[in-house]
Amino acid sequence: MLGDNGVIEVRHLTKTYRMGKQAVVVLNDVSFVLQRGEALGVIGPSGSGKSTLAKLLLRLEKPTSGSILYEGKDITQTRTLSLCRAIQMIFQDPTGSLNPKMKVADLIGEAMLIHKLPIDVDFWLTQVGLATELKTRYPHELSGGQKQRVGIARALAVQPKVLICDEPIASLDVSIQAQILNLLMDLKKRFQLTYLFIGHDLATVRYVSDRIVSMDHGRLSKI
């Protein structure tokens, strides 16, 4: 059950894809509760179903069966603007997630504009450790670490309650990875966020998580 401190509850979530006449089960009867203010780590190899779980939580795809509750309300088939604001995602590939034709100021400001929030690009850039002068640049003019910080700022700018971090350091240089992890941990405390942190490296996931579950062949188990 969700309880007083739960934010998201997943109940018996299953996702099956059809490949011709064959049914491929990507998620198999997954259930868990994400508690308010915690960082829940989800670890597993490639193809285990981690990214599919993230897509379902964001309602980018619909489950075959099961349900998703947000603050006690069933959102399984719902994708409203307010829910999009409440649950944001940090993507694995910062280059692919940023529109190359938009300047940093527009990438961050667009999200605030859509959600009718005060537009303060400078504030969010400083929150992620970037100089405000970068707002006039395009993504190709930034380093990998800077692009990921822009992606984080864009997600934070709509003031979400939950951040889904889908292997957010996997495509970054090793020298930058620790900086981004420490930034995420600092932001979690500063803005009282709840994290679902997806990864494949146990040491990394353990570093940022309060507790960890393992996913393999679409099934979830405790560690």
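User: Which residues does W124 touch, not counting residues up to four places away in sequence?

Analyst: In this predicted model, W124 touches I108, M112, A153, L156, A157, Q159 and F191. W124 itself lies in helix α5.

User: Why is W124 called buried?

Analyst: The relative accessibility of W124 is 6%. Buried means under 20%, so W124 counts as buried.

User: What makes F123 partly exposed?

Analyst: F123 has a relative accessible area of 34%. Partly exposed covers what lies between buried, under 20%, and exposed, over 50%, so F123 is partly exposed.

User: Why is the pair of F123 and W124 called edge-to-face?

Analyst: Two conditions have to be checked. Rings pair if their centres lie within 6.5 Å, and for F123 and W124 the value is 4.9 Å centre to centre. Planes over 60 degrees apart count as edge-to-face, and here there are 85 degrees between the planes. The pair of F123 and W124 is therefore edge-to-face.

User: What is the pair of W124 and F191 called, and why?

Analyst: The ring centres of W124 and F191 are 5.5 Å apart, with the planes at 40 degrees. That angle is neither under 30 degrees, as for stacked, nor over 60, as for edge-to-face, so the pair is tilted.

User: What does the pair of W124 and F191 tie together?

Analyst: W124 is in helix α5, while F191 is in the loop between α7 and β8, so the pair ties together parts 67 residues apart in sequence. F191 is partly exposed, at 27% relative accessibility.

User: How many aromatic pairs are there, and which residues form the aromatic cluster?

Analyst: The count is 2 aromatic pairs. F123, W124 and F191 form one aromatic cluster.

User: Which residues of α4 are buried, and what do they pack against?

Analyst: V104, L107, I108, G109, A111 and M112 are the buried residues of α4. They pack against α5 and α6. Two of the α4 residues, I108 and M112, are also touched by W124. Just after α4, K116 has a positive phi of about 55 degrees.

User: Why is strand β7 said to be largely enclosed by the rest of the structure?

Analyst: In β7, residues 162–166, 5 of the 5 residues are buried, so the strand is largely enclosed by the rest of the structure.

User: How do you know that both faces of β7 are covered?

Analyst: In a regular strand the side chains alternate between the two faces of the sheet. In β7, V162, I164 and D166 are on one side, L163 and C165 are on the other, and all of them are buried.

User: Why do β6 and β8 count as partners of β7?

Analyst: Two strands pair if there are at least two bridges between them. β6 and β7 have 4 bridges, in the parallel sense, and 5 bridges join β7 to β8, which also run parallel. Both therefore count as pairs. Among the bridge partners, I90 has C165 in β7, and D166 has I198 in β8.

User: What is the volume of the largest pocket, and which residues are closest to its centre?

Analyst: The largest pocket has a volume of about 430 Å³. It is lined by 21 residues, and R79, C84, Q88, M89 and F91 are the closest to its centre. The elements that give two or more residues to this lining are α2, β6, α4 and α6. α4 gives the most, with 4 residues. By class, the lining has 13 nonpolar, 4 polar and 4 charged residues.

Note on methods:
Residues numbered from 1 in each chain as written. Predicted model: local features only at pLDDT ≥ 70, side-chain atom pairs only at ≥ 80, totals over all residues. Heavy atoms only, no water. 1 Å grid on protein atoms, 1.4 Å probe; cavity = no way out; pocket = protein on both sides within 12 Å on 5 of 7 lines; lining within 4 Å. Points joined across faces, edges and corners; volume = space filled by probe spheres on them. Nonpolar A, V, L, I, M, F, W, Y, C, P; charged D, E, K, R; others polar. Buried < 20%, exposed > 50% of the residue type's maximum accessible area, 1.4 Å probe, protein only. Contact = heavy atoms within 4.5 Å. Phe/Tyr/Trp six-rings, centres within 6.5 Å; stacked < 30°, edge-to-face > 60°.
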